[in-house]
Amino acid sequence: MSILQRQSVTHAVPKLDAPLVVSVTLLFTAAPLVPYNAAIGAASGTAVLAVLAWYKRCRAAAPLSIFCVICLGLVLSGVRYFPLVLGLSLLSYAGVVRGVPWLRGTATWAQWGSFDATVRFLSVAAWLLAAAALFSWYLLLRPNVADIVETFVPDQPLGLLIAGGLIFSMLNAAVEEGAYRGVILHALDRSLGPGFAALLLQALAFGAIHIRGFPRGWLGIGLACIYGLLMGLIRRRAGGMFAPWIAHVFTDIVIAGILVFLARPNQALEPTQHLVDAYQFYAHF
């Protein structure tokens, strides 16, 4: 192979990153929104793209695709709790990035970042907006969230529920931010550039998992998408993960408070079709 041919191949490989990253992200976004058989198709398509990304050594698409394949595989194999799915997938992603020589140094998103006055203001503003939206959504629409209460709010003393809610909020915020503002946004930024398209795509993916979450339904997807945009903006402004994580923790505390103090006393806990549907795919809020 001539020098010009080798240079052409070398330059052609990075060009695959953008279409592969976008395609994987869209399939990952669609999976929770479609019927089970179609979700299997989305997972299969993601696996095919992952093989191509690894074959071509695409440094943005390869780690993203393996993360998404593991997520979808765990969910479709019956793992019910999405925080666990994300946690296991992040651990696998970290192992791959550290263990594969040509991927080392690609996970530059995994840092604390700054928490200056502007970042603090943005984090508090995002939390207050999210709290107002969540309370309004619940109090005005009175959604049936019996499945979430049944799954995440056991019949235990109030003190244990509060402690559990705080621990869950910290862990859930960590894995969600690591997945969406970490792995996914980082891959989109590297392949598309740090513009609005990358922000929007990661926000759509984040919104999609709330189809049966809290908030839920199509309105819940819209609210979660807006929140994902805000967290993405904070992530970029801070240059690290601490600021979006802490904002997300306080937002999840609001959700836990609504479930414990409002939904639990007033929501019937009998199994419903919502519970059956939620267990079929993303049992998560």
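**Exercise 1.** In which helix is the place of His186? Decide also whether this residue is buried or exposed, and list its contacts beyond its neighbours within four places in sequence.

*Solution.* The model used here is a predicted one. The first step is to locate the residue along the chain, and His186 has its place in helix α7, which covers residues 158-192. The second step is to compare its relative accessibility with the cut-off, since buried means under 20% relative accessible area; His186 has 12%, and therefore counts as buried. The third step is to look for its partners, and once the neighbours within four places in sequence are left aside, His186 is in contact with Thr106, Ala107, Thr108 and Trp109.

**Exercise 2.** Describe how helix α8 packs against helix α9, and work out whether the two are oblique to each other, giving the reason.

*Solution.* Two packed helices are described by the angle between their axes and the distance between the axes. For α8 (residues 196-208) and α9 (residues 217-238), the angle is about 135 degrees and the axes are 7 Å apart. Angles of 65 to 115 degrees count as roughly perpendicular and those over 145 as roughly antiparallel, and α8 and α9 are therefore oblique to each other. The crossing in which α8 passes α9 is right-handed. On the α8 side the residues that meet α9 include Phe196, Leu199, Leu200 and Phe206, while on the α9 side those that meet α8 include Ile221, Tyr227, Leu229 and Arg236. Sorted by class, this contact has 14 nonpolar, 4 polar and 1 charged residues.

One pair of residues can be followed further, beginning with Leu200, which lies in helix α8 and is partly exposed, because its relative accessible area is 32%. Although Leu200 and Leu229 are 29 residues apart in sequence, they are 6.6 Å apart in space, taken from C-alpha to C-alpha.

**Exercise 3.** Repeat the analysis for α7 and α9, stating their angle and the distance between their axes, and give the classes of the residues in their contact.

*Solution.* The angle at which α7 and α9 pack is about 70 degrees, and their axes are 11 Å apart. That angle makes α7 roughly perpendicular to α9, and their crossing is right-handed. From α7 come Glu177, Arg181, Leu185 and Asp189, which meet Gly228, Met231, Gly232, Arg235 and Arg236 in α9. By class, the residues of this contact divide into 2 nonpolar, 2 polar and 5 charged.

**Exercise 4.** Which residues touch the most other members of the largest nonpolar core, and which helix gives the most to this core?

*Solution.* The largest nonpolar core has 60 residues, and of these Leu64, Phe67, Leu86 and Tyr180 touch the most other members. Helix α3 (residues 61-76) gives the most to this core, with 10 residues. Taking Leu64 as an example, and leaving aside its neighbours within four places in sequence, one finds contacts with Val21, Val24, Thr25, Val183, Ile184 and Ala187. Apart from the largest core lies another, of 16 residues, among them Ala131, Val149, Phe214 and Leu259.

**Exercise 5.** Where does Leu33 lie, and with which residues is it in contact beyond its neighbours within four places in sequence?

*Solution.* Leu33 lies in the loop between α1 (3-30) and α2 (36-55), and with a relative accessible area of 32% Leu33 is partly exposed. Its contacts, apart from neighbours within four places in sequence, are Ala208, Ile211, Trp218 and Ile221. Leu33 and His210 are 177 residues apart in sequence, yet 9.5 Å apart in space, C-alpha to C-alpha.

Conventions:
Residues numbered from 1 in each chain as written. Predicted model: local features only at pLDDT ≥ 70, side-chain atom pairs only at ≥ 80, totals over all residues. Heavy atoms only, no water. Axes fitted to C-alpha atoms, helices over the stretch in contact; angles between N-to-C directions. Helix = DSSP H or I, 4+ residues; strand = E, 2+ residues; numbered from the N terminus. Parallel < 35°, antiparallel > 145°, perpendicular 65-115°, else oblique. Left-handed = near helix turned anticlockwise from the far one by under 90°. Contact = heavy atoms within 4.5 Å. Nonpolar A, V, L, I, M, F, W, Y, C, P; charged D, E, K, R; others polar. Buried < 20%, exposed > 50% of the residue type's maximum accessible area, 1.4 Å probe, protein only. Core = buried A, V, L, I, M, F, W, Y, C linked by side-chain atoms within 4.5 Å.
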